[in-house]
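I opened a new notebook page for this structure. The entries below follow the order in which I looked things up.

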Amino acid sequence: MKPQLLKVSTGPAQSFSVRRDVVPYMNNKWHYHPEIELIHLKKGVGTQFIGDSIKSFKSGDVILVGPHLAHYWRFDDIYFSEQSKTTADVRVAHFSENFWGDQFLNLPENKAIKTLLENSKRGLQINGKVKTQVSELLEQMLVAEGTPRILLLLEALTLIANCNQTVKLSSIGFKQDYDETENNRINAIYDYTLENFRRKIHLEEISNVAVISPNSFCRYFKSKTKKTYSRFVTEIRVGHACKLLMENKLNMKQLCYESGFNNLASFHKYFKVTTGKSPMNYQKEFMSGANQ
């Protein structure tokens, strides 16, 4: 993909940035930055893109995104409706890998944190009780000043580093291409697909969005994303289905068609190929975890 470089600003008396966002369009684009990002999506649902990983996100998620790893949280359409009262609420910290000095991570006591930051280059989802603990520490960082602010970040990273309930998101072979001249084109493809994935998107129409010929589109898209456009659409549909399964408001047939699949057989097939689980098992595991 061709993400945009985002400039992260810090205050004159701060070595790293911590902020609260309550609008869903804050940095609502495919982007990257040299800083590591620790984010708590306290309130909000939508589709999450990290490297070549596509999945739904939900309220309560905590993610660690490594330096130069492209990402994008696309909140659901309801957050952008003028009539809707649905609001987002996010806490996010950005820090440079060496903001505490060149030698800090090489100290033997910091081996676990150094390994964690290396693993963050694929994106990490934090689960279990550590997720709650880290979200509370981010909340404290918002108002902390001076040395305690740094200690809170260190505590959060130490908890994650010693946690065995993290999931790597982007594939190990994912490599990012940062030619910024393609930003508008790839973002147009993303946005159009997210708006229309519930129906069949014809090659001619998505080629028109990209302003290239149909014969060139498939080759272009795979060269930029390392996946076919049909796989990309399928992953978005499965991600949407995951969100609907977690909400548990529709029966399986309704959920299938609402996610853009034409029949239950293809829905079950592609859901299992993408997630490794059947839709029913995915829902049972989620419900079991939510009730713990």
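Entry 1, a hairpin. I began with F49, which stands opposite I54 in β6. The model is predicted, and every value I note here is computed from it. F49 falls within β5, residues 46-50. I counted 5 bridges joining β5 to β6 (residues 53-57), and the two strands run antiparallel. They form a hairpin with 2 residues between them. In that turn I found G51 with a positive phi of about 60°.

Entry 2, the other partner of β5. I then looked at the pairing with β8, residues 71-75. This pairing is antiparallel and has 5 bridges. I noted Q48 opposite W73 in β8. How many of the 5 residues of β5 are buried? I found 5 of 5, and I entered the strand as mostly covered.

Entry 3, strand β7. I moved on to residues 61-65, which make up β7. Here too I read 5 of 5 residues as buried. In a regular strand the side chains alternate between the two faces of the sheet, so I checked each side separately. On one side I listed D61, I63 and V65, and on the other V62 and L64. These residues are all buried, and both faces of β7 are therefore covered.

Entry 4, partners of β7. I found β4 paired with β7 in the antiparallel sense over 5 bridges. In this pairing H40 stands opposite V62. I also found β10 (residues 124-126) paired with β7, antiparallel, over 3 bridges. There L64 stands opposite L124.

Entry 5, a histidine in a loop. I looked up H33, which lies in the loop between β3 (31-32) and β4 (36-43). Is H33 buried or exposed? I read a relative accessibility of 1% for H33, so it counts as buried, the limit being under 20%. I then searched for what its side chain reaches, and found the backbone oxygen of E35 at 2.9 Å.

Entry 6, a helix residue. I picked I186, in helix α4 (residues 183-196). At 0% relative accessibility, I186 counts as buried because the limit is under 20%. I compared its position with that of W30: the two are 156 residues apart in sequence. Their C-alpha atoms are 8.9 Å apart in space.

Entry 7, cysteines. How many disulfides does a search of the whole structure find? I got 0. I looked up the exposure of two cysteines. C218 has a relative accessible area of 44%, which means it is partly exposed, as it lies between the 20% and 50% limits. C242 has 6%, so it is buried.

Entry 8, the chain as a whole. I counted 10 helices and 11 strands. Of the 292 residues, 47% are buried. The chain exposes about 14800 Å², and carbon and sulfur atoms supply 50% of that area. I also tallied contacts between residues at least 6 apart in sequence, and 71% of them join residues at least 24 apart.

Definitions and conventions: Residues numbered from 1 in each chain as written. Predicted model: local features only at pLDDT ≥ 70, side-chain atom pairs only at ≥ 80, totals over all residues. Heavy atoms only, no water. Buried < 20%, exposed > 50% of the residue type's maximum accessible area, 1.4 Å probe, protein only. Contact = heavy atoms within 4.5 Å. Areas by Shrake-Rupley, 256 points an atom, 1.4 Å probe, with all protein chains shown as cover. Disulfide = S-S within 2.5 Å. Polar contact = N/O pair within 3.5 Å; in protein donor to acceptor, adjacent residues only side chain to side chain. Pairing = 2+ DSSP bridges.
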